[in-house]
Amino acid sequence: MKGKESTPHIGIVGRRNNGKSSLINALTGQDIAIVSEQAGTTTDPVKKSIEIFGIGPVILVDTAGIDDIGELGEKRMNKSWEILKTIDLAIVVINRCQWEEPEINLTHRLQQYEIPFIIVNNKIDKEYNQRCHIAPAYEVINVSALTGLGIQQLIKKMVERMPHSAYISHSLLGNLIRENDTVVLITPIDSEAPEGRLILPQVQMIRDVLDHEAIATVLKENKIENYLQNNPAPQMIITDSQVFGKVAPLIPENIPLTGFSIVLAHHKGHFEAYLQGTPTVENLQDNDRILILESCTHLTSCEDIGRVKIPTLLKKYTGKKLHFTFVSGLNQIPDIQQFALVIQCGGCMITRKQLINRLKPALDHQVPVTNYGMLIAYLNGMYHRAIQVFLKK
């Protein structure tokens, strides 16, 4: 079950007027991006979903030039730099083998975020069709987006360079369950639940259980006691983290119990960093600042888990006067060193690469990180039980 949240992102990056937009149009076979002889046509990143044989669905991202000028140009460049944190593979577009400080700076940033890249020498013609030798370590592909020359070679190279972890769908539950196991999924229905449907992590978990040829039983938190009294014990119970405190006392200790968000943390997050960071809530002091990272953008209700429930629980548990900053989507994070703790949501709407790069500034500056489910489990006194199933494997 693969959706946009796990679709690899390929960034088209380079200077203004190097033919980035023409290249994305050539790859998609559509006029997705505006093409003009005037430099700086692309402002905000342009995204297009396509299918690439050998990878599957990908999202191409056209970006503003890395050599833009003026106050507005600087803002456009900053957006391009931010996009680097969200991509799995970069296509660096150069023009007639031009390789100078902007390109060197760009590839340095790509290496910093461990993003593989392909260098494309664009706008070649009969007068200029030489092979580039910009550096011994770099292979350069000659491409003409206007004629399609070299496009198939580029696609072949994209398949080779795309990290397998970006598009191979790994199981959420891995080897935690087996065929014919019963997995109970506790899914509260409150004002945060979308009308007429389940939230994405719950749907993903159901699919993963079915992929294991196991049995998925879905129920609300007020039905768990009745279920356990009238049915054989399930092999695992996974609950929405916000009802940990309510359901945990009802579930025998011999039944493995964890949360949707914790499964996601183990699947695509910095699990080891979360394990180290979660207990640091004990060290919080008055006036400490807490950063809460939401990976999607949504309207806030009185039952919002990130903006209401977690701050309330954390202030009650610590007894401290804490200050919270909320950043949603993939918006830019403020100065990370001002925070005593970073709390990341499950990240169901973003790729593993995006989540890892999202937390990189905090880890680089040794700011503790945790995730919604692991923190809520800790604050409810069941942290060790909730993570135990992953420590055994």
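In this predicted model, Leu-291 stands opposite Val-342, a residue that belongs to strand S13. This facing pair can be read alongside the pairing of two strands, for S11, which covers residues 289–293, and S13, which covers residues 341–344, run together in the parallel sense and are joined over 4 bridges.

These two strands are part of a wider arrangement, an open sheet of 4 strands whose order is S12-S11-S13-S14 and whose pairing is parallel. At the edges of this sheet stand S12 (323–327) and S14 (369–371), and each of them has a single partner strand, so one side of each is left without a neighbour in the sheet. From one strand to the next, the twist averages 25 degrees. Helix H13, made of residues 372–379, packs on the sheet and touches S11, S13 and S14, while its direction makes about 85 degrees with that of S14.

We can now turn to a contact between two helices. Two packed helices are described by the angle between their axes and by the distance between the axes. Helix H6 (residues 200–211) and helix H9 (residues 260–268) pack at an angle of about 70 degrees, and their axes lie 10 Å apart. Because angles of 65 to 115 degrees count as roughly perpendicular, H6 and H9 are described as roughly perpendicular to each other. Which residues in H6 and H9 meet? On the side of H6 they are Pro-201, Gln-202, Gln-204 and Met-205, and these meet Phe-260, Val-263 and Leu-264 in H9. Sorted by character, the residues of this contact of H6 with H9 divide into 5 nonpolar and 2 polar, with no charged residue.

Key: Residues are numbered from 1 along each chain as its sequence is written. This is a predicted model: local features need pLDDT of at least 70, side-chain atom pairs count only at pLDDT 80 or more; totals for chains, interfaces and linings use all residues. Side-chain values use heavy atoms; hydrogens and water are left out. Axes are lines fitted to C-alpha atoms, for helices over the stretch in contact, and angles run from 0 to 180 degrees between N-to-C directions. Angles under 35 degrees count as roughly parallel, over 145 as roughly antiparallel, 65 to 115 as roughly perpendicular and the rest as oblique. Contact means heavy atoms within 4.5 Å. Ala, Val, Leu, Ile, Met, Phe, Trp, Tyr, Cys and Pro count as nonpolar, Asp, Glu, Lys and Arg as charged, and the others, Gly among them, as polar. Two strands pair if DSSP finds at least two bridges between them.
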